[in-house]
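Ready for a short walk through a protein chain? Open your viewer, and let's take it one selection at a time.

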Amino acid sequence: MRRYLTNKLSNEKGYTFIDGILQLSVFIIFAQIFALIMWSLYTTEKKVADPSEIEWALFIQYVEAYLNDVENFIVQSEQPGIRFYKQGIEYDVEYSSNVVRKQIEKLGHEPLLLNVQTLNVIAEGQKITFFVTFFNGQQKEHTFYVTYST
């Protein structure tokens, strides 16, 4: 091994064209693998960390928590949304100026979902379906199941 290295170092032929092509091809292969990994990480991060998806999931979780043990609910006609009564308290989840908000006893303004272009609500029996269109063109829908208090 030592003899090979000393011969290689004392070789006066220098850097050959074939050595350059081999090293360049190895570099190109590693560069393509690196680019593929970076593209994959970018697309995964874009899907996982999309703030609108997180906001939608939190909205669903929040509304589902309120629709348990409800005394009564109605779909509002004057403003898109629902009104429900729980333990004698009136709650509104409605669309108002590009925001889906929650109000208690028609007081306050707690934003639940932002950048909303339209909101449509359909009730069928104990199911309420929210159809939401955002300003970026995304359309989402979710069906909630309402449980009544006894």
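Before we start, one term: two residues are in contact, or touch, when they have heavy atoms within 4.5 Å. Also keep in mind that this is a predicted model.

**Stop 1: the whole chain**

Show everything as a cartoon. You should find three helices and eight strands. Trace the chain from the N terminus, and the elements run α-α-α-β-β-β-β-β-β-β-β. Now rotate the view: the C-alpha atoms fill a box of roughly 95 × 30 × 30 Å along the principal axes. The radius of gyration is 30 Å, while a compact globule of 150 residues would have one near 15 Å. If you color by burial, 27% of the 150 residues are buried.

**Stop 2: a three-stranded sheet**

Next, select strands 6, 7 and 8. They make an open sheet in the order 6-7-8, with antiparallel pairing. Strand 6 (116-124) and strand 8 (139-145) are the edge strands, each pairing on one side only. From one strand to the next, the twist averages 15°.

Look at the two pairings in turn:

- Strand 6 and strand 7 are joined by eight bridges in the antiparallel sense. Select N120 and you will see that this residue stands opposite F131 in strand 7. The hairpin here has two residues between the strands, and G125 takes a positive phi near 65°.
- Strand 7 (residues 127-134) and strand 8 run antiparallel and are joined by seven bridges. T129 stands opposite T143 in strand 8, and T133 stands opposite Q139 in strand 8. This hairpin has four residues between its strands, and in the turn G137 has a positive phi of about 95°.

Is strand 7 largely enclosed or not enclosed by the rest of the structure? Six of its eight residues are buried, so strand 7 is largely enclosed.

**Stop 3: the helix across the sheet**

Add helix 3, residues 51-66. This helix lies across strand 7 and strand 8, and runs at about 20° to strand 8. Within the helix, pick F59 and show its side chain. Leaving out residues up to four places away in sequence, F59 touches V100, L112, L113 and F130.

**Stop 4: the nonpolar core**

Which residues touch the most other members of the largest nonpolar core? Select F59, L67, I82, F84, L113, I128 and F130: these are the ones, out of 24 residues in that core. Several elements give two or more residues to it: helix 3, strand 2 (81-86), strand 3 (89-96), strand 5 (107-114), strand 6 and strand 7.

**Stop 5: a buried lysine**

Finally, zoom in on K102, which is found in strand 4 (residues 99-104). Is K102 buried or exposed? Its relative accessibility is 6%. Buried means under 20%, so K102 counts as buried.

Now show what surrounds K102. Not counting residues up to four places away in sequence, K102 touches Y62, Y66, D92, V93, H109, E110 and L112. Two of these neighbors deserve a distance label. The side chains of K102 and Y62 are joined by a polar contact of 3.1 Å, and those of K102 and Y66 by a polar contact of 2.8 Å.

Technical notes: Residues numbered from 1 in each chain as written. Predicted model: local features only at pLDDT ≥ 70, side-chain atom pairs only at ≥ 80, totals over all residues. Heavy atoms only, no water. Buried < 20%, exposed > 50% of the residue type's maximum accessible area, 1.4 Å probe, protein only. Polar contact = N/O pair within 3.5 Å; in protein donor to acceptor, adjacent residues only side chain to side chain. Pairing = 2+ DSSP bridges. Axes fitted to C-alpha atoms, helices over the stretch in contact; angles between N-to-C directions. Core = buried A, V, L, I, M, F, W, Y, C linked by side-chain atoms within 4.5 Å. Rg over C-alpha atoms; globule rule 2.2 N^0.38 Å.
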